[in-house]
Each structure stands twice: as C-alpha cells, then as structure tokens.
Amino acid sequence: MSVRGIRGATTCAENSEAMFAAVEALLQEILRVNPGLKTEDIASAWFTVTDDLQMAYPAAAARRLGWTEVPLMCAREIAVPGSLNHCVRVLLHWNTERSQAEIRHVYLNDAVSLRPDLTHEK
C-alpha cells in the first residue's frame, strides 16, 4: 500500500465562522470525488491558512465532521505578496492502493485560480 497526497484549497469571504463551512465543504468534496476514501485510511492532514484567517483552526472543522482519529496539523501559509487572501489549503495523506493518476484534487471558490489544471468538474 502506498501513501498518496490529496491537495485541496478553498476561500472564505471573511475571518468568521464562515471558515468552518468552507473547510467542511472542501473536505466533503474531496471525499466525494475520491471514491473509496474513508477517514480511517487518512494517515494525516496538514492545513494552512493565510494571515487574514485567525479566528479558528481549520482542523476544528474536520473534527466537526467526525475526523476524531485523524492526526491534524495547522500552520500559517507563507505570506507571498499578491497571493490569494482568505485561503485555506489542505494536504491529506491517504493510505491507498490507487495510483497517483487516480487521485482527484479539489480547489473551490477563488482557490480554483491556484491550480486550474487540477480543477475537476462537479
């Protein structure tokens, strides 16, 4: 079995409770587009947020979805001038037999501009 990375990102309109809804939607979409992905197969998840989002940890949104056994970590994104604001990024490490080519990454809202080559159709 291999460990594969799944990338995702989303934006939220403001530094508020809206971040929870945005992160929950992102994680649910990652689960939807990667058939067979179950939380018990996620080795860990790494979240980053831009400097303008500091009201809560995005990992708390994952916990609200029931990800209680998944090791979660949060950090600040590098503040590159001109980069996307109000952005939450995630890297999931998935224990799976799937090939790297079968992995579907998810970019929602304004975050689609980060990797338009990986944006999937709903």
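**View 1. His 86 sits in the loop between S3 and S4.** Here S3 and S4 are strands; helices (H or I, at least four residues) and strands (E, at least two) are DSSP runs, numbered from the N terminus. This is a predicted model, in which local features need pLDDT of at least 70 and side-chain atom pairs count only at pLDDT 80 or more, while totals for chains, interfaces and linings use all residues. Residues are numbered from 1 along each chain as its sequence is written, and side-chain values use heavy atoms, with hydrogens and water left out. Look at the backbone of His 86: its phi is near 50°, a positive value in a residue other than glycine. Most residues other than glycine have a negative phi. Is His 86 buried, partly exposed or exposed? His 86 has a relative accessible area of 24%, so it counts as partly exposed (buried means under 20% relative accessible area, exposed over 50%, partly exposed in between, with a 1.4 Å probe and protein chains only).

**View 2. Asn 109 follows the last strand of the picture, in the segment after S5.** Asn 109 is not a glycine, yet its phi is positive, at about 55°. You can find Asn 109 by following the chain on from strand S5, at 106-107.

**View 3. Five strands line up in an open sheet.** In what order do the strands of this sheet stand? The order is S3-S2-S4-S1-S5, and the pairing is mixed. S3 and S5 stand at the edges, each with a single partner strand, so one side of each is left without a neighbour in the sheet. Two strands count as a pair if DSSP finds at least two bridges between them.

**View 4. Strand S2 has S4 and S3 as partners.** Strand S2 (residues 42-49) pairs with strand S4 (residues 87-96) in the antiparallel sense, over 7 bridges. S2 also pairs with strand S3 (residues 72-76), this time in the parallel sense and over 5 bridges. Trp 46 is a good residue to look for: Leu 91 in S4 stands opposite Trp 46, and Met 73 is the bridge partner of Trp 46 in S3. Moving along to Phe 47, you will find Cys 74 of S3 opposite.

**View 5. Strand S1 joins S4 and S5.** Strand S1 (residues 2-11) and S4 run antiparallel and are joined by 10 bridges. One place to look is Arg 4, whose bridge partner in S4 is Trp 94. S1 and S5 run parallel, with 2 bridges between them. In S5, Tyr 107 stands opposite Ala 9.

**View 6. Thr 96 is a buried residue of strand S4.** With a relative accessibility of 7%, Thr 96 counts as buried. Which residues does Thr 96 touch, leaving aside those up to four places away in sequence? Thr 96 touches Met 1, Ser 2 and Arg 4 (contact means heavy atoms within 4.5 Å).

**View 7. Ala 61 belongs to helix H2 (residues 58-64).** The relative accessibility of Ala 61 is 0%, so this residue counts as buried. Not counting residues up to four places away in sequence, Ala 61 touches Phe 20, Val 23 and Glu 24. Ala 22 is another residue to find in this view: Ala 61 and Ala 22 are 39 residues apart in sequence, and 8.8 Å apart in space, C-alpha to C-alpha.

**View 8. Stepping back, the chain shows 2 helices and 5 strands.** Starting from the N terminus, the elements run β-α-β-α-β-β-β. The C-alpha trace spans about 40 × 30 × 25 Å along its principal axes. Of the 122 residues, 39% are buried. Among contacts between residues at least 6 apart in sequence, 84% join residues at least 24 apart. The chain carries 12 positive and 15 negative side chains, and the centres of the two sets lie 4 Å apart. In this count Lys and Arg are positive and Asp and Glu negative, with His and the chain ends not counted; each charge is placed at NZ of Lys, CZ of Arg, CG of Asp or CD of Glu.
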